[in-house]
Each structure stands twice: as structure tokens, then as C-alpha cells.
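Let's take a walk through this model together, starting with one chain as a whole and then moving in to the ligands and a couple of individual residues.

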Amino acid sequence: MGKTFKRPEALKDNPTHYCPGCTHGVIHRLVAEVIDELGIRGRTVGIAPVGCAVLAYNYFNVDFQEAAHGRAPAMATGIKRVRPDLMVFTYQGDGDLASIGMGEIIHAANRGEKFTTIFVNNAVYGMTGGQMAPTTMPDQRTSTSPFGRDVQAVGMPVKMAELLAALQTPAYITRQSVIKPKYINRAKKAIHKAFSYQMENRCFSFVEVVSTCPTNWGMTPLDAVEWTENTLLPYYQLGDCKTPEPREEA
Amino acid sequence: MGKVLMKGNEAIGEAAIRAGCLNYFAYPITPQSEVAEYLSRRMDEVGGVFLQGESEVAVGYMIFGAAGCGARVFTTSSSPGISLMSEALSYITCAQCPAVFVNIMRGGPGLGGILPSQGDYFQATKGGGHGDYRLFVMAPASVQEAVQMVMEAFPIAEKYRNPVMILGDGLIGQMMEPVEFPEDLVVKPTNKDEWATNGIGNRSDDSPNLVKSLFLDPVQLNSHNLMLKAKYDRMRREDVRYEAYNTDGDYRALIVSYGTMSRVCRTAIDFLKEEGLEVAMIRPQTLFPFPEEAVRDAAGKAGCQVAVSIEMSMGQMVEDVERSIQGRCPVEWYGKCGGEVPTPEEIMDVVRGMLKG
Ligand SMILES: Cc1ncc(C[n+]2csc(CCOP(=O)(O)OP(=O)(O)O)c2C)c(N)n1
Ligand code: SF4
């Protein structure tokens, strides 16, 4: 029998710095597998965010640029506009994309930029120690919401996929998760679709991945999976929010 | 090709195209919006990229992305917009990407006004964004010089892998003058395969390129900064530019002035000469690297009693003038801002007064 489970070519042979039970590593792997399957490693450029995934380029075996906090969609726009032949993806956390970078993502999506965004929503700022994010759940305790998120004071968590899907410009917008194998398979398909739409130069594509941050949630990896399933997923419902119109055959 | 009459802002846009830069991202702001208006049509004609970004913050990173993947790219803006791009400038400089930023300055601080000013000297030459970085800063005094500087900016940016800023004032953007686009300033882009994210498959070796500015290890960050500093030192050695006016004979005062302001000073110097009062001028064409030696030597000439920095700002360049002159003669400042431009008569009075006092 041959080897059935091997490292994708689009991943380097480096151990990651992510905490045990963190889903960043799983998501990296799915993206890398899709890059391999589509045979686009030689023309892919990733954009690293500022957040726990800032060092993503230590793991991906493709060209990478590192953005400032929240600005990845603008950088991706710059690359894609001058080099439409390159396959470009941004990889962003929820502080990065839904807070400081809200303007950049909305406008890139609205212009219909032909790149792909992988949006890792773990309901906190991971890298800086678990502060409240725009995606933090009502009453969720974080290091800057010690009494729980007070929605009277700071509003309800932002549903990015739905927000972007409300734009009129055609796009592929979906929300997935990777906390269990059944979710992983669907997430992989969604990422594959997102990159395929880009390859066909069809539309902006956006895959939100509901993720875990056991370290800053103060949970074991298993409890984090439970909490995601019971608390995050009912609010952040999985599935496609928007798909582009089927192409008319010429 | 002969000369054509063009407005400064349009000539700046055309100069970039002639220099082989077909990628432009910008956000409208007076007094330079004509560059974007002009290029929205012209880039279409030449098959280039024109995109109006959602903010100057975003535009800064569009430039970063495009430069990072190896394209020639530029933007134009005016003072408040450059403040917003300053975050990106810090990152781009650290990540060593060549790009050209044009600032057609207006009055500040704050929303200020829309008339010409030179209030962004500190921002351009001393930072603006965070960290130890420098921009290569060129200051045109005419539309023709703006054209040439824009054309030269791309190879300079590529030579140093560092952003170049063209610092003009609103008059340079708004004025109409006859211009030509010298063919001999067109330089082929450098090969960027060694560092740009242009796709592994487009290069001969199989290792990814990385454009980044994060160095968590203090030893690495220190040596990265030393390497950047070595580039700035090299700029100081190799690419200082200035124009000397009336410095051949003896003179009693030295004016240091740049951009539009220097043209008024030149007129004042001509008038004073008719009166029998000799005054010289050093006009920095690069603000960073600053022509320290030229200013020092000119101020140190026997008979020169005073040096005065004349600016459309409240005394910014004067600090570099003082630093350069190192006490060889007294250094004064004169200026106005917010769109007020000192007249030749005012400058004549100022110089006469300083020599009396
Ligand atoms: C302009 C700026 N502001 C603040 C920071 C500090 N900072 C670094 S990462 C981060 C939040 C990251 O959280 P998120 O995007 O959710 O990603 P995660 O770490 O959870 O994957 C912040 C606020 C910064 N680097 N730059
Ligand atoms: S802090 Fe949270 S997001 Fe960051 S690596 Fe650890 S678990 Fe993952």
C-alpha cells in the first residue's frame, strides 16, 4: 500500500507555533491541499494578517506578503490588479478583518476583487491575549470584557458572511467550521470552490471558518469544541450565504 | 517630441506612464485630483491599471501589494492623504519595496486649507510613520522638473528598494508650463525575481519569496535596521542633488529654499543684485538626502553674514539648515503658510533687515 496521508506540497515541513486544539493548523492544511489539487502553487501568493497567523508564511510553501493589521484585502487588491495571473488569498482573523480591517474587506468584496479570503473567526483576539473582538458572543468573558460582552454597550457580534452577502456585487460567501471531521470535509469543499471561482476569474470568494482559541477561552481543546458547537454555531450558522449566478453557456 | 503645455498634475501622471509605470492607485483630494482624473482616461488608453481606492489607508496597501509582487507602481495624494498612507510607508520601507509617492502639499495641520504649502517637510524627511525609516525625497521647482523627477523616481526607488516621495506644493500641481518627457530618463525595471512575490513558478528556483516587516528577534531587527541605515547612508553619498544660484562671486547672505518658494527667492536675488546686494541660494532638489555639504560650504564662504531658510511653513527645513551649517554663520528662518506665499519684495526686506540687524 502506498502512502495515503502525506504533507501537501504547499506546506513546508515546519512544526507550527499554534496552541494545542487551535484550528489554525487544520485550516492551513485545507488551504494547502486545495492549492495542490488545483496545481497552482507556482502562481499563488498568500497574504498573512496581523494575528496568530502572522507567521503563516513559515508553514505555507508559496510566495507570501505580510500585511499590516487589517489591510490584507487592500494588499491583495494591489497584487491581483497588477498581476491577474497570480492566485491570491488573504488569511485573516476576526480582529484583523472584522474590526480594524472592516473598511478594506467590505470595499474589496464590493468591487468584486478576484481573490479569496479565508476568515478565521475565533470570537477573540488571539495573539494579543484574548481581548474582545467584534465577533465575541453576548456575555462572553474576555480580557477586556471581564463581566461578559455587554451588548447594550458594544452591540451584537458581527456576522461577517451575512454582512458581505448583503452587497449586490456577485460573490461566493460561505461559513464553515473545522471542529469535527464532518465539518472539515465541507470546509475543504468550500475552500476548493472559493479558489476555483478565483481561477475562473468569476468573483470575490470568502470562506469564514468558525474556529477555536482554547488558550484564550480558558478551555481544554475538547471543551472548546463543545463550546463552539453549542454557543458559536447556533449564532454563526454554517452554509453558503451567497453564490454567483451560474454561468451562461456561450 | 517637442514641448507641450500641460498642467502640473496631468504632466506628473503622464511622466509616470512615460517612465514605464502603468499601475496607479489613488484617492481624490485637492489640489491633486487631476492626476487621478487624467490617469483614469490615460491608463485605459495604454492598457494600464487605474483604481480609485476606498481611502488613502487602503491605497497605501494597494501600492504595497503591487510593489511587493514586483510591479512598478505609484500614487499621488495631498497632505491629509499622505498622513493616512504613512502607516503603509513604514511597512513598505521595512519590507524594502520600491514605489513612488507624490505629495502635492496643501496647508495644514488638520484639514488646513487647499492652497499650496510646504508644511509636510518633517513628515516627508523625518518619518510620519513609525520606526527608523527614511524616504528618498525629491522637491521639484517647476512642472518640467516634476516630470523629470517622477521619471527618475522609479529607477531610484528600484536602486535602493525604498519608496521615493516627490514633494511638490499645490502650485506645482496647478501651474501650466511647457514640458517635454526626456526619452533618456526611461530606465528598464530591475529584475525582481530575487525577492518579489511574483509566483514561484515564474522563477528558476523553487523557494518562496517573502515580503514582510516582522522581525521578532531583537538581534535580527537590529541588523535589519543597520542594513536599512546603510542604504540611507548610501543615498547621502551617491544621490544628493541641489542647485546653486549666484554662489560664484562674493555674497553677504545665503538663502536656502526649495520648490515654488525658491523661484520667488530667485527673483528677489535678481532684484537685490540690481541694488548691489549680492545674495546666493542653495536649492535642495533632494530633501532627503539633504545637501548638507553644499549648504555648509556656501554658508562658510568668507563674507557670508547670515543664512536664511525661506519656506512656506513655520520653520521646518531650517532645522536641517542649522544642522548642516554647524555654527559657521547665524541661521534665520522666514516663511508663511496656509497658501500665503512670500513675495520677492518681502524677501528682499527680510534679507536687508537681517544684514542690518
Ligand atoms: C495597528 C495595530 N493595532 C494593533 C495591533 C495589535 N494586534 C496584533 S494582533 C491583534 C489581534 C489579532 O486578533 P485576530 O485578528 O482575531 O487574530 P487571532 O490572533 O485571533 O488569530 C492586535 C490587536 C497591531 N499589530 N497593529
Ligand atoms: S492563542 Fe488562540 S488563536 Fe492563537 S494559536 Fe493559541 S489557540 Fe490559536
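**A guided tour of the model**

Of the 357 residues that make up chain B, 59% count as buried, where buried means under 20% relative accessible area, exposed means over 50% and partly exposed lies in between, using a 1.4 Å probe and protein chains only. Before we go on, please note that this is a predicted model, in which local features need pLDDT of at least 70, side-chain atom pairs count only at pLDDT 80 or more, and totals for chains, interfaces and linings use all residues. Residues are numbered from 1 along each chain as its sequence is written, chains are lettered from A and ligands numbered from 1 in the order in which they are written, and side-chain values use heavy atoms, with hydrogens and water left out.

Staying with chain B, its secondary structure comes to 12 helices and 15 strands; these are DSSP runs numbered from the N terminus, H or I of at least four residues for helices and E of at least two for strands. The C-alpha trace of chain B spans about 70 × 50 × 40 Å along its principal axes. Chain B has a radius of gyration of 21 Å, which agrees with the value near 21 Å that a compact globule of 357 residues would have; the radius is taken over C-alpha atoms, and the globule rule is 2.2 Å times the number of residues to the power 0.38. Of the contacts in chain B with a separation of 6 or more, 81% join residues 24 or more positions apart, contact meaning heavy atoms within 4.5 Å. The accessible surface of chain B is about 13,600 Å², and 51% of this belongs to carbon and sulfur atoms; such areas come from the Shrake-Rupley method with a 1.4 Å probe, and for residues only the protein chains shown count as cover.

For a close-up in chain B, find P31(B) in the loop between β2 (23-26) and α2 (33-46). At 5% relative accessibility, P31(B) counts as buried. Its C-alpha is 5.9 Å from that of G170(B), although the two are 139 residues apart in sequence. Beyond its neighbours within four places in sequence, P31(B) is in contact with residues including N9(B), S78(B), R106(B), G170(B) and Q174(B).

Now over to chain A and ligand 1. Which residues come closest to ligand 1? Of the 16 that surround it, the closest are C52(A), D94(A), D96(A), G126(A) and M127(A), a residue being near if one of its heavy atoms lies within 4 Å. Oxygen atoms of ligand 1 lie 2.8 Å from a backbone N or O atom of D96(A), 2.7 Å from a polar backbone atom of G126(A) and 2.8 Å from a backbone N or O atom of M127(A). The protein covers 77% of the 600 Å² of accessible area that ligand 1 has on its own. Helix α3(A) gives the most to this shell, with 4 residues.

Ligand 2 has C52(A) and G126(A) among its surrounding residues, along with C19(A), C22(A) and C213(A). Helix α8 (residues 214-217) of chain A contributes most to that shell, with 3 residues.

Finally, S211(A) sits in the loop between β8 (204-210) and α8 of chain A. S211(A) counts as buried, at 0% relative accessibility. A polar atom of its side chain lies 2.8 Å from the backbone oxygen of V209(A). Leaving aside neighbours within four places in sequence, S211(A) is in contact with N122(A) and W217(A), among others.

Conventions
A polar contact is a pair of N or O atoms within 3.5 Å; within protein, one must be able to donate a hydrogen and the other to accept it, and residues adjacent in sequence count only if both atoms are side-chain atoms.
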